[in-house]
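The exercises below invite a reader to work through a structure step by step. Please study the sequence and the model before turning to each solution.

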Amino acid sequence: MTRTFPDGFLWGTATASYQIEGAVDEDGRKPSIWDTFSHTPGMTKDGDTGDVADDHYHRFAEDVALMADLGLQAYRFSVAWPRVVPTGSGAVNRAGLDFYSRLVDLLLENGIEPLATLYHWDLPQPLQDAGGWTNRATAERFGEYATVVGRALGDRVPTFTTLNEPWCSAYLGYSAGVHAPGVQDNASALAAVHHLNLAHGLGVRAMRSVVASTTAMSVTLNLQNVRGVSADDTDAVRHVDGLSNRIFLDPMLRGMYPEDVLDDLRHITDFAFIHDGDAAVINAPLDVLGINYYFPTLVAGTSSGYAPAEGATRYDWNDVAPVPGTDLAYQIPQEGPYTAMGWRIEAPSLTELLLRVHRDYPEIPLMITENGAAFDDVVAADGTVHDADRIAYLHDHIGAVHDAITAGADVRAYFLWSLLDNFEWAFGYSKRFGIVHVDYETLERTVKDSGNWYREVIANHGVN
Ligand code: FCB
């Protein structure tokens, strides 16, 4: 029996500029913080960089043909700020904009709806040199950049999302230090949170001033379904939920920061970077909220008796580690089954998360802007990849979205992460999330079993 999705529900895949494009110094692109970080010894697995990645910059036509072959209805890509405004402010690079313009045209010719993310972590390096997301000016530069992209693509792109996972930009970038720019300082991370929120608001406002009123504006958050190890951890759950979810959702959707979270963190920062009037800017009206989900979150308070392993970061999934951005909670290793990332697989947690967001923020429609899994794929002698584990993960998670819709959540789309195997940030090319395999020697693309399976899901408008 097919679990059919509502009419109009869109099926897509997602990617991000630095993870697939390559061509890092072509046609006027200048370095981003991820170029700098990945070229710094010890920061990525095996020293991998995005210099070549999937060479999508040169092969985008082949990739759109693949999307059409898979029957995709929508495609989420990100625009590289350092291609469009190479030094982060000032001169606009026409050649960079032209690349995305050609991509959008080709998608539309193939009946594929584009969803453009403005910022998927590739901050122009000169902005980092001036403080990056700890500097309020970066948010203002983002607003200017949004205007440029809106003018160039707004006539053809029906939906924009401002930021991808500001949680990662702020906490993994400025607290855990496992992502670019590699800073380890909780106060900086909290300043980054606010400036990312502000950038989002300024970006929405800037976009709205140059695009049609029918253009939908969004943001993509990696919201977390947070649980405690025991009943004693209720306050840790409240705290981590606030730090991870409400610190973004409340200003964006309700125009205010959650007081309990600010109170939790006053020993780390005085929040002087929040200026009068910022809340109203951040609260710019949104049409749809993008949610990225991969795994549930388990936490305990720091008085729980757990002790973090020496040097543990958020990426040490098998160790107790400090929750980045705070000194009040630990993330606790979870039981399997796991993906190749060491992430616990638990589809019903996605249903819980969607219903929670629907309950607490009922007015905003939702879309899944990322969901998927890395597994250690084996390429068979004939070049095919029989990735039954990925199919099972996707089947169960798409089913979990269906469960949420059945229970009342207004979910409009599902973007599978990812179309292609790609540069998985600090893990380099060691983790494969694609439904299309990429041979990094030849750059040849081969549809995995999961890709063929997803084609059927789209054709049937649901899963069995
Ligand atoms: C998300 C990122 C995306 C990808 C997936 C696996 O956090 O947005 O770029 O790395 O994780």
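Three exercises with solutions follow, after a note on the model.

This is a predicted model, in which local features need pLDDT of at least 70 and side-chain atom pairs count only at pLDDT 80 or more, while totals for chains, interfaces and linings use all residues. Residues are numbered from 1 along each chain as its sequence is written, and side-chain values use heavy atoms, with hydrogens and water left out.

**Exercise 1.** Describe the surroundings of the ligand and its polar partners.

*Solution.* Begin with the residues near the ligand, that is, those with a heavy atom within 4 Å of it. They are Gln19, His120, Trp121, Asn164, Glu165, Tyr294, Glu370, Trp417, Glu424, Trp425 and Phe433.

Next, sort this shell by class: five residues are nonpolar, three are polar and three are charged. Here Ala, Val, Leu, Ile, Met, Phe, Trp, Tyr, Cys and Pro count as nonpolar, Asp, Glu, Lys and Arg as charged, and the others, Gly among them, as polar.

Then examine the distances from ligand oxygen atoms to side-chain N or O atoms. For glutamate 424 the distance is 2.7 Å, for histidine 120 a polar side-chain atom lies at 2.8 Å, and for asparagine 164 the value is 2.9 Å.

Finally, consider burial: the ligand taken alone exposes 300 Å², of which the protein buries 94% (accessible areas by the Shrake-Rupley method with a 1.4 Å probe).

**Exercise 2.** Find which helix and strand are tied together by the salt bridge between arginine 445 and aspartate 63.

*Solution.* First recall the general principle: side chains of opposite charge can pair when their charged atoms come close. A salt bridge is a side-chain nitrogen of Lys or Arg within 4 Å of a carboxyl oxygen of Asp or Glu, and the structure holds 33 of them.

In this pair, the closest N and O atoms of arginine 445 and aspartate 63 are 2.8 Å apart. Arginine 445 belongs to strand β15 (residues 445–447) and aspartate 63 to helix α3 (residues 56–70), so the bridge links parts that are 382 residues apart in sequence. Helices (H or I, at least four residues) and strands (E, at least two) are DSSP runs, numbered from the N terminus.

**Exercise 3.** Locate the backbone features at proline 337, serine 418 and aspartate 46.

*Solution.* Note the background: most residues other than glycine have a negative phi, and most peptide bonds are trans.

- Glycine 336 and proline 337 are joined by a cis peptide bond with omega about 5°; proline 337 lies in the loop between β11 (329–331) and α13 (348–360).
- A cis bond also leads from tryptophan 417 to serine 418, with omega near 15°; serine 418 is in the loop between β13 (411–417) and β14 (436–438).
- Aspartate 46 has a positive phi, near 55°, and is in the loop between α2 (33–38) and α3.

Technical notes: A polar contact is a pair of N or O atoms within 3.5 Å; within protein, one must be able to donate a hydrogen and the other to accept it, and residues adjacent in sequence count only if both atoms are side-chain atoms.
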